[in-house]
Amino acid sequence: MVNRAVEVDTLVVVRGSKTVLPGLSFTVPAGQVTGLLGPSGCGKSTLMRAVVGVQRVRSGSVTVLGEPAGSRQLRDRVGYVTQAASVYDDLSITENLRFFARVLGAGEDDVRRCLDAVDLADHGDQVVDNLSGGQRSRASLAVALLKQPDVLVLDEPTVGLDPVLRRDLWALFHRLAAAGTTVLVSSHVMDEAERCDRLLLMREGRIIADDTPSAICEQAGVADIEAAFLQLVEGGGRR
Ligand SMILES: Nc1ncnc2c1ncn2[C@@H]1O[C@H](COP(=O)(O)OP(=O)(O)OP(=O)(O)O)[C@@H](O)[C@H]1O
């Protein structure tokens, strides 16, 4: 088993006229929940797109499970949930899952498993168009779980969710990680930091810290990640 699920080496991404990622290097350990935290616009989505292989990169490399990001071998092994829901509005949640299960070669038992995992079993017959934003994003997450991916990349999955649902989703991420899945999850909300096994703190396209939440706080000599983030920004941080 590869214990570095994701390896990013001197990654440069330019979007339009802007260098969004000016040369990032880091690794993501397998079987843990790694949080990618940073303010809106710092480049989290761009980095996640590079990890799943849908972002044109200027230079550097991104390796996932020992293969180049986006390569054919990774198709069934990497799940990706974007901020935009990727389910059909005019189908029910169960119909969506059955449709994607057929496309992906998954079975009815997988449909049940995924509905349960995201706590939507009681809403399976509801048409997506009538769902709340949070239910919609959980339906997209259920689709991503159909193939039991080894690496799950989630772009701000908890935006707009109430505290109970947020807690439940984080519990799900940890159950998936305990079963061996590598979970890379982004957030711009610093109070989600404590829920991660490891953190990549990001600012203006750079990783300013890469460690466990407690180690980051300890090194900064502060009690919470928000204070650590501020101190890293003021003190220059890692380059
Ligand atoms: N298609 C594009 N063309 C040019 N610039 C872009 C494009 N998409 C994003 N950007 C720029 O790239 C930078 C990083 O955007 P990105 O979406 O990766 O940030 P983010 O940290 O995920 O933000 P958020 O938390 O708001 O989703 C921003 O400055 C954004 O304006």
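Which helices do the buried residues of helix 2 pack against? They pack against helix 3 (108–117) and helix 4 (133–145). This report describes a predicted model, beginning with that helix and continuing to the ligand and two individual residues.

## Helix 2

Helix 2 spans residues 93–104 and has 12 residues. From its first C-alpha to its last it reaches 16 Å, close to the 16 Å expected at 1.5 Å a residue. Its buried residues are Ile 93, Thr 94, Asn 96, Leu 97, Phe 100 and Ala 101. Because these buried residues cover an arc of only 155° around the axis, they lie on the same side of helix 2. An α-helix has 3.6 residues a turn, so residues three or four places apart point the same way.

Arg 102 and Val 103, on the other side of helix 2, are exposed. Just after the helix comes Gly 105, which takes a positive phi of about 75°.

## The ligand and its surroundings

The ligand is surrounded by 14 residues, and the closest are Lys 18, Ser 40, Gly 41, Ser 45 and Thr 46. Both side-chain and backbone atoms of the protein feature in the distances that follow. A nitrogen atom of the ligand is 3.4 Å from an N or O atom in the side chain of Arg 15. For Gly 41, a polar backbone atom is 2.8 Å from an oxygen atom of the ligand. Gly 43 has a backbone N or O atom that lies 3.0 Å from an oxygen atom of the ligand.

On its own, the ligand has 640 Å² of accessible area, and the protein covers 64% of this. Strand 2 (18–29) and helix 1 (44–52) are the elements that give two or more residues to the shell around the ligand. The largest share of that shell, 3 residues, comes from helix 1.

## Helix 1

Helix 1, which contributes that largest share of the shell, is itself largely enclosed by the rest of the structure, because 7 of its 9 residues are buried. The buried residues are Lys 44, Thr 46, Leu 47, Met 48, Ala 50, Val 51 and Val 52. One of them, Thr 46, is also listed among the closest residues to the ligand.

Just after helix 1, Gly 53 takes a positive phi of about 85°.

## Asp 110 in helix 3

Asp 110 has its place in helix 3, one of the two helices against which the buried residues of helix 2 pack. Is Asp 110 buried or exposed? With a relative accessible area of 15%, Asp 110 is buried, since the cut-off for a buried residue is under 20%.

The side chain of Asp 110 makes a polar contact with the side chain of Arg 113, at 3.0 Å. Not counting residues up to four places away in sequence, Asp 110 touches Leu 146 and Gln 148.

## Ala 5 in strand 1

Ala 5 is found in strand 1, which covers residues 4–15. Its relative accessible area is 0%, and Ala 5 is therefore buried. How far apart in space are Ala 5 and Gly 16? The two residues are 11 residues apart in sequence and 30 Å apart in space, C-alpha to C-alpha.

Which residues is Ala 5 in contact with, leaving aside its neighbours within four places in sequence? They are Val 28, Pro 29, Ala 30, Thr 63, Val 64, Leu 65, Val 151 and Thr 182. Among them, Val 28 and Pro 29 fall within strand 2 (18–29), an element that gives two or more residues to the shell around the ligand.

Note on methods: Residues numbered from 1 in each chain as written. Predicted model: local features only at pLDDT ≥ 70, side-chain atom pairs only at ≥ 80, totals over all residues. Heavy atoms only, no water. Helix = DSSP H or I, 4+ residues; strand = E, 2+ residues; numbered from the N terminus. Expected span 1.5 Å × (residues − 1). Buried < 20%, exposed > 50% of the residue type's maximum accessible area, 1.4 Å probe, protein only. Arc of directions from axis to C-beta. Contact = heavy atoms within 4.5 Å. Near = heavy atom within 4 Å. Polar contact = N/O pair within 3.5 Å; in protein donor to acceptor, adjacent residues only side chain to side chain. Areas by Shrake-Rupley, 256 points an atom, 1.4 Å probe, with all protein chains shown as cover.
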